[in-house]
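Biologist: Please take me through one part of this protein slowly, starting from a single residue and working outwards. I am new to reading structures, so plain words would help.

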Amino acid sequence: MNKKILILGAGVEQTIAIKEAKKLGLIVVACDQNKDSLGFEYADTSLVLDINDVGNVEKVARKYHVNGIFAHAVEIPHVVAEVALRLGLPGLPPHIAIRATNKIERITHLSENGIPCASFELVNNQNELQAKAIKIGFPFILKPVDNAGSRGVQIVEDIDGLQLAYDEAVSHSKTEQVLLEEVLSGPEVSTESVVYKGKIHTFALADRNYDNSDKFKPYFIEDGINYPSVLSSEVQQDIYSLVERTIKCLGIGFGAAKGDIIIDKGIPKIIEMAARTSGGWFGAGSIPAATGCNMLKPLLQMAVGDEPDLEVLKPVRNLGCAQRYIMPSTEGVVTGISGCEDAIAMPGVVMSEFFLPDIGSDISTVKSHADRFGQIICTAETRSEAIAFCEAAIAKINIRTK
């Protein structure tokens, strides 16, 4: 009898994982808060459910007698880990998943164990805010400790902007805790790893694109990736080494590990290392397009207790690749959208996803990665050609407002 897998999240991006699970012959039970989730069309059983609710997720897992539980590109590794533990299914220990998810637990543990990170201060409540801000010194980065996708993250240049930034960060948090971090500067990369039986397989490294970062200040908005990296082979080797040390330090011995690293004054430092797959179509979009690597297959196999096919993490091609996001640059009421068909017909386009606003809806300029309206991925023989293709395609899309 075919095994059953519970997949938490059934949105546009999670649909990739649902389809991959079906290819493997798995029976898919998919859950999402949104009754109109695209992934429901491909699942065997679809349930509208709060995927952050451990108790209800556990009830579903027991009811359907699933053999594994999995989430792709969703910041809930602690939910997956806890339910897997309660049912005796493969997964991370919950305390490891929490350590790799909560920003303050993660950066504290890494710093105490010699992993290079930004210096930081934890603000537990409003009363500590000003003193901790003065202690770390302006400018600094302020972020909620328990959210993802750059929600509530911004740079604070001086005391005048402190309270407003704090209030916004708290609005994206279940607590009043925020993290103040020193500003690091330099090129940034993203990595993707699969960990099985303690062995780390890092199969993806690409440059993060911040060419338009000044336009989005004080927010930190990544505008896609460029592959392959232009960093020297020596620096890339230092990054691979740091990724391995960080994964081991956090205790991630099973599943996915997604990293963001910055090269600050020539030294790779960890921005983030999470016990999950990346969002934004990186590990399951850009990297497969460029290299043919397929991380979802072994991760799904591991989740249901099968021996994973790790051979699919080896590249079968090495194309140039670029990804760019569709992001609102103006505020107002949407009066029209054009150019989408022209965009996807452009040379080099291999993947596109649009979740555009409705005509008549109000939009504002982007403040986090959750505000994106879609993405396009292009490949070519070279990196520079892929970038040119991708930026030309994105330029075709016009969201008009008044």
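Modeller: I will start with Ser-286, which touches Ile-225, Trp-281, Cys-321, Gln-323 and Ile-377, leaving aside residues up to four places away in sequence. Keep in mind that this is a predicted model. Ser-286 belongs to helix α10. With a relative accessibility of 0%, Ser-286 counts as buried, because the cut-off for that word is under 20%. The list of its contacts gives us several places to go next.

Take the strand β14 to begin with. Cys-321 and Gln-323, two of the residues that Ser-286 touches, are on one side of β14 together with Tyr-325. Gly-320, Ala-322 and Arg-324 are on the other side, and both faces of the strand are covered. In a regular strand the side chains alternate between the two faces of the sheet. Six of the six residues of β14 (residues 320-325) are buried, so the strand is largely enclosed by the rest of the structure.

Which strands pair with β14? One is β11, which runs antiparallel to β14 and is joined to it by two bridges. Within this pairing, Asn-226 stands opposite Ala-322. Another is β18 (residues 374-380), which pairs with β14 over six bridges, also in the antiparallel sense. Here Gln-323 has Ile-377 of β18 as its bridge partner. Gln-323 and Ile-377 are both among the contacts of Ser-286.

The end of β14 brings in a charge. Tyr-325, one of the buried residues of the strand, has Arg-372 over the face of its ring, at 3.4 Å from the ring centre. Another such arrangement involves Lys-19 and Tyr-42: the charged end of Lys-19 sits over the ring of Tyr-42, 4.6 Å from its centre.

Follow β11 next. After this strand comes a loop that leads to α9 (233-250), and Pro-228 lies in that loop. The peptide bond between Tyr-227 and Pro-228 is cis, with omega of about 0°. A cis bond also joins Phe-138 and Pro-139, where omega is about -10°. Pro-139 is in the loop between α6 (129-136) and β6 (140-144).

Now return to Ser-286 and its contact with Trp-281. Trp-281 is buried, because its relative accessible area is 6%. A pair of aromatic rings is described by the distance of the centres and the angle of the planes. A search of the whole structure finds two aromatic pairs. Trp-281 and Phe-355 form a stacked pair, 6.0 Å from centre to centre and with 20° between the planes. Trp-281 is in the loop between β13 (267-274) and α10 (282-291), while Phe-355 is in the loop between β16 (349-354) and β17 (362-363), so the pair ties together parts that are 74 residues apart in sequence. Phe-355 counts as partly exposed, at 32% relative accessibility.

Helix α10 also leads to the largest nonpolar core. This core has 37 residues, and those that touch the most other members are Ile-5, Val-28, Phe-70, Phe-203 and Met-295. At least two of its residues come from each of β1 (4-8), α1 (15-23), β2 (27-32), β9 (188-196), β10 (199-208), β11 (225-227), α10 and α11 (296-303). So far we have met α10 as the helix that holds Ser-286 and β11 as a partner of β14. Met-295 has contacts that include His-72, Glu-192, Phe-203 and Leu-313, and among them are also Gly-283 and Ala-284. Apart from this core lies another, of 32 residues, including Leu-92, Ala-100, Ile-115 and Val-243.

Helix α1, one of the contributors to the 37-residue core, is the last stop. Thr-15, Ala-17, Ile-18, Glu-20 and Ala-21 are buried in α1. The elements that cover these buried residues include β1, β2, β4 (68-71) and α11. Just after α1, Gly-25 takes a positive phi of about 85°.

For contrast, here is a residue on the outside. His-65 is found in the loop between α2 (54-63) and β4. With a relative accessible area of 63%, His-65 is exposed. Although His-65 is not a glycine, its phi is positive, at about 50°.

Terms used: Residues numbered from 1 in each chain as written. Predicted model: local features only at pLDDT ≥ 70, side-chain atom pairs only at ≥ 80, totals over all residues. Heavy atoms only, no water. Phe/Tyr/Trp six-rings, centres within 6.5 Å; stacked < 30°, edge-to-face > 60°. Helix = DSSP H or I, 4+ residues; strand = E, 2+ residues; numbered from the N terminus. Buried < 20%, exposed > 50% of the residue type's maximum accessible area, 1.4 Å probe, protein only. Lys NZ or Arg CZ within 6 Å of the ring centre and 35° of its normal. Core = buried A, V, L, I, M, F, W, Y, C linked by side-chain atoms within 4.5 Å. Contact = heavy atoms within 4.5 Å. Pairing = 2+ DSSP bridges.
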